[in-house]
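Visitor: I am new to this structure. Could you show me how to read its features, one at a time?

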Amino acid sequence: MSPLSSERFGLLAAVLVLGATVARPQSPPAFVVTNVRVADGTGAPLRTANVRTAGDAIVSVGPAAPQPGDEIVDGTGLVLAPGFIDVHNHSTEGLATDREAASQISQGITTVLVGPDGSSPTSIAEYLAARRANPATVNVATLVGHATVRQQVMGEDFRRTATPAEVEQMALLVDRAMLEGALGLSSGLEYVVGSYASTDEVVALATAAAKRGGIYISHIRDEADRTIDAVRETIEIGARARLPVQITHIKLGTVGVWGKAAEVAAIVEAARRQGIDVMADAYPYLAWQSNLKVLVPNKQYKDPASVKEALDDVGGGKNIQFTRLARYPQYVGKRLSEAAQAEGLSEVDFFIRIADDEVGIIGHTMSEPDLRTFYQQPWVMVASDGGVNNSHPRGAGTFPRVLGRFVREQQWLSLPEAIRKMTSLPAARLGLTDRGRIAVGAKADLVLFDPATIIDRSTFEAPRELSQGVRIVWVNGEPVWRDGRPTAARPGRVLVR
Ligand SMILES: [Zn+2]
């Protein structure tokens, strides 16, 4: 049964006051999308069919005619796909403040996995209870964050290797989070808290997740010159902890490793042939978003030689764009090279001047051939690394961008294969057995879109512009996006294994 939306509740209250006999609808109305090309999520070729939903489920796929009372949606010329499942989503807090999540549903996203990069709610139970109490438009599942449990155990004294007793405590916290509904462990080994962890520590925590059927999704230790070492570490963690592992937002972010996507893919393929279940996800942009400090792997933020090397690695300050710079708000949106010039400083000296500030940046530092090579691997899925209220265009544009630019315009991959990377592949990864496919009995999370016009409109200058081409999005059988705007429905559920 669907949650009682506030609108329905109001209707129910009015009905009760009037003493009428009209019952509250027990479930969403039945829909039939007729004459639509179906991308069923498996990668199979498109086929034309009528797809009927009743309640929260898909009840027929084929030639069946609509039944009396069905709402008929003409799907002529359109494609119907399972709702998109985003396995790297930063809406952890945003789902509380923006339950409508228009930037997500307008892309066709129907399920978000939050708690990425090692950072999750401290109490998984409380977080999921709050989502159940106040549902959003989208379904939500969460990971438990490595850095979150590390700080719970080590407090502010985290700049060191953890003791065996501390690791044991962390593993207990991971176990509890898994029992409370987390789908696995996330890490951000490039970030301040996670970077001090040994591989053994991560293996211990991943083992705790594995015991409860979890997965391990990692922002790996290095996405620059030592990417390949970091990929190997992720594979090692999967082999030793015996669980599925995922390199999230896989990328090659420095000049020194550009062009090595095929090499990385070969390493992953070799591991997969040995039975290690390693996969990856990628966002469809050639730029990343983080903080200034990640540019300097040796953490010598005030050492001119280290800073120079860091800037050289990304092709210079012209490839670094500020998103947050409290001391110099006039440079937000500008490049580091421009800011340095305006201040009459070298790029290195300007970097050192702001090194202690909270500085958000976008690094325009990836190469398109690498992105294409990654997307053409069958074990790479689409994920946004975005979320509601994101200041990177991926927050509002990821899925339509893949379908519009990389499928329709550049033909990197077929439409059914792209849909598979957005639906059944992530669903299987998360153990969501009743989502990610258009099949009888599957949950009615669906996206109806126009393959000829679907496109992202968000840019680095206007990151929140909504995408175009998505006509209707259903979550658990209820339309949440229709006629270019969100509906009042909030049918999103908490998904646990
Ligand atoms: Zn990340």
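Guide: Here is a short tour, from a helix to a metal site, then rings and backbone angles. Keep in mind that this is a predicted model.

Visitor: Let us start with helix H4. Which of its residues are buried?

Guide: H4 spans residues 124-133, and Ile124, Tyr127, Leu128 and Arg131 are buried there. These residues lie on the same side of H4, because they cover an arc of only 90° around the axis. The other side of H4 has Glu126 and Ala133, which are exposed.

Visitor: What do the buried residues of H4 pack against?

Guide: Two helices and three strands are the partners: helix H2 (94-97), helix H6 (164-180), strand E7 (109-114), strand E8 (139-142) and strand E9 (144-145). There is also a detail within H4. Arg131 lies over the face of Tyr127, 4.7 Å from the ring centre.

Visitor: Where else does a charged end sit over a ring?

Guide: Look at Lys299. Its charged end is over the ring of Tyr196, at 5.1 Å from the centre.

Visitor: Now the metal. Which residues coordinate the zinc ion?

Guide: Asp117 does so through two OD entries, His219 through ND1 and His249 through NE2. The distances run from 2.0 to 2.8 Å.

Visitor: How should I read the geometry of a metal site?

Guide: Start from the ideal. Four tetrahedral donors would have angles of 109.5 degrees. Here the angles among the four donor atoms of the zinc ion are 50 to 140°, and the site is irregular. To count as tetrahedral, all angles would have to lie between 85 and 135 degrees.

Visitor: How are the donor residues spaced in sequence?

Guide: The pattern for the zinc ion is D-x101-H-x29-H. Asp117 is in the loop between E7 and H4, while His219 is in strand E11 (residues 215-219), so the pair ties together parts that are 102 residues apart in sequence.

Visitor: Is Asp117 buried or exposed? And what about His219?

Guide: Asp117 counts as buried, because its relative accessibility is 12% and the cut-off for buried is under 20%. His219 is buried too, with a relative accessible area of 4%.

Visitor: On to aromatic rings. How is a pair described?

Guide: Two values do it: the distance of the centres and the angle of the planes. This structure holds nine aromatic pairs. One of them joins Phe31 and Trp474, edge-to-face, with 5.6 Å centre to centre and 75° between the planes. Phe31 is in strand E1 (residues 31-38) and Trp474 in strand E19 (residues 470-475), so the pair links distant parts of the chain, 443 residues apart. Both rings belong to buried residues, Phe31 and Trp474.

Visitor: Which pair is stacked?

Guide: Phe406 and Trp412 form a stacked pair. Their centres are 4.0 Å apart, with 10° between the planes. Phe406 and Trp412 are buried.

Visitor: Which residues do ring pairs link into a cluster?

Guide: The cluster is made of Phe322, Tyr328, Tyr331 and Phe350.

Visitor: Last, the backbone. What should I know about phi?

Guide: Most residues other than glycine have a negative phi. Asn35 has a positive phi of about 55°, although it is not a glycine. Asn35 lies in strand E1 and counts as partly exposed, at 40% relative accessibility. Ala101 also has a positive phi, near 50°. Ala101 sits in the loop between H2 and helix H3 (102-105). Ala101 is buried, with a relative accessible area of 0%.

Definitions and conventions:
Residues numbered from 1 in each chain as written. Predicted model: local features only at pLDDT ≥ 70, side-chain atom pairs only at ≥ 80, totals over all residues. Heavy atoms only, no water. Buried < 20%, exposed > 50% of the residue type's maximum accessible area, 1.4 Å probe, protein only. Helix = DSSP H or I, 4+ residues; strand = E, 2+ residues; numbered from the N terminus. Arc of directions from axis to C-beta. Contact = heavy atoms within 4.5 Å. Donors = N, O, S within 2.8 Å, 3.2 Å for Na, K, Ca; no water. Tetrahedral: all angles 85-135°; square planar, octahedral: opposite > 155°, others 65-115°. Phe/Tyr/Trp six-rings, centres within 6.5 Å; stacked < 30°, edge-to-face > 60°. Lys NZ or Arg CZ within 6 Å of the ring centre and 35° of its normal.
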